[in-house]
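Load the model, set the view to cartoon and keep the selection panel at hand. The stops below go from side-chain pairs to the nucleic acid.

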Amino acid sequence: MLQDSFATRLVAWQKQHGRHDLPWQVSDPYRVWLSEIMLQQTQVTAVLEYYARFLLRFPDVASLAAASVDEVLALWSGLGYYSRARNLHKAAVMVVDEFGGHFPVQREALQRLPGVGRSTAAAIASFAFAQRETILDGNVKRVLTRCFGIAGFPGEKAVEKQLWALAEALLPADSSQMTAYTQGLMDLGATVCGRKPACTVCPMVDGCVAARQGRTHELPTPRPKKAVPTRHTVMLLAQHGDRIWLERRPPSGIWGGLLSLPEFADSMALEAWFARQGSGDVLPSWPELEHVFTHYRLIITPVPARLDTLAATGVQESAGQWIPLQQALEAGLPAPVKRLLQRLLA
DNA sequence: AATACGGGGAG
DNA sequence: CTCCCAGTATT
């Protein structure tokens, strides 16, 4: 595959066959940035609703910077990878305070914003500012490893380095084509060069190593399999009137910064904690709830309880709060916790 | 170089 | 069920 031919073909293909109706296909760097953050390890269909709702509440970087991180997390609830939301807010404040409300144009400067790595910075720089910078996301890795026959798991350092160099070398000479080119990389990977590649309609097929050698199914080299451990936790659904007891999770770690139910290693620890909060009854446990993460499997035992009278001391010292159930459902909550609270309504 | 970090869509 | 998604930050 000739290097100049790649960009030329891709741009032509994108203009005729690529996607043109995605809501973030605009030149406003704020909207591009927001979409890129939401789309990190997250599929387009999952992002669409969140993106629309988010823009309605925060139409520009100034409104986002002026908001509380809690409100940002609430709008992010269910999307996952919550450090993205915390970094998003932090970055908005940076743009307002350090750049006068304007996003920097250079990829390297964009990359200093929290949550913006090289690929995201390149996406913003190319889409919003027509900079000659290459992205390297899952789509591009799929296209390049197949097109150029590059074996080895792309998460591996050496392979990744090779892919960045190749992606840079393939950039079109004319920066005015960067929007169509970058979009073309994503569109080709998303609509043609996917799990089951549609090589017959691919603009690169005659130069594609994987297509020629019948190796599209084995490229890119899949991630090495690893056994995922199982962890257990007991979650307390403590109700007091129409309120539920929730605690703020630490900023780092799983579900960082979100409100969540208090957790215990076992039911004995739960009973002991509950007894200190006042008088009431611990009810029979609900059926276990399984929640699967990328790196482990969590088995949740939900334990409902009713607190009739609060103890004079004890409650205040902890990091939690009694929140009306309806209001709690609007806060930033982990997906399984939200499910449990919804179940409490019925 | 490895690991942590969510949730869901697609086959 | 398995794989992996418009990746980044931390260790």
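**Salt bridges**

The structure holds 10 salt bridges; the model is a predicted one. Three of the pairs are visited here.

Select Arg-248 and Asp-70 and show their side chains. They meet in a salt bridge, with N and O 3.2 Å apart. This pair joins distant parts of the chain: Arg-248 belongs to strand β2 (residues 243-248) and Asp-70 to helix α5 (residues 69-76), with the two positions 178 residues apart in numbering. Now switch on a surface for the protein. Arg-248 is partly exposed, at a relative accessible area of 32%, and Asp-70 is also partly exposed, at 37%.

Next, select Arg-107 and Glu-133. Their side chains form a salt bridge too, again at 3.2 Å from N to O. Here as well the pair links distant parts of the chain, 26 residues apart: Arg-107 sits in helix α7 (residues 107-110), while Glu-133 lies in the loop between α8 (118-129) and α9 (138-147). Are these two residues buried or exposed? Both Arg-107 and Glu-133 are buried.

For the third pair, select Glu-218 and Arg-215. The closest N and O atoms of this salt bridge are 3.2 Å apart. Glu-218 is partly exposed, with a relative accessible area of 39%.

**DNA strand B**

Select DNA strand B and show the residues within 4 Å of it. How many residues surround the strand? There are 23, and the closest are Tyr-82, Lys-157, Lys-226, Trp-255 and His-291.

Colour this selection by residue class. The surface near DNA strand B has nine nonpolar, 10 polar and four charged residues. Then colour by secondary structure and look for helix α15 (residues 335-345), which gives the most to this surface, with three residues.

Turn to the strand itself and separate backbone from bases. Of its atoms within 4 Å of the protein, 63% belong to sugar or phosphate, and the rest belong to bases.

**Phosphate contacts**

Keep the strand visible and select Lys-226, His-291 and His-295 in turn, drawing a distance from each side chain to the phosphate oxygens.

- Lys-226: a polar side-chain atom lies 2.7 Å from a phosphate oxygen of DNA strand B.
- His-291: a polar atom of the side chain is 2.7 Å from a phosphate oxygen of the strand.
- His-295: the distance from a polar side-chain atom to a phosphate oxygen of the strand is 3.2 Å.

Lys-226 and His-291 were also listed among the closest residues to DNA strand B.

Key. Residues are numbered from 1 along each chain as its sequence is written. Chains are lettered from A and ligands numbered from 1 in the order in which they are written. This is a predicted model: local features need pLDDT of at least 70, side-chain atom pairs count only at pLDDT 80 or more; totals for chains, interfaces and linings use all residues. Side-chain values use heavy atoms; hydrogens and water are left out. A polar contact is a pair of N or O atoms within 3.5 Å; within protein, one must be able to donate a hydrogen and the other to accept it, and residues adjacent in sequence count only if both atoms are side-chain atoms. Helices (H or I, at least four residues) and strands (E, at least two) are DSSP runs, numbered from the N terminus. Ala, Val, Leu, Ile, Met, Phe, Trp, Tyr, Cys and Pro count as nonpolar, Asp, Glu, Lys and Arg as charged, and the others, Gly among them, as polar. A salt bridge is a side-chain nitrogen of Lys or Arg within 4 Å of a carboxyl oxygen of Asp or Glu. Buried means under 20% relative accessible area, exposed over 50%, partly exposed in between (1.4 Å probe, protein chains only).
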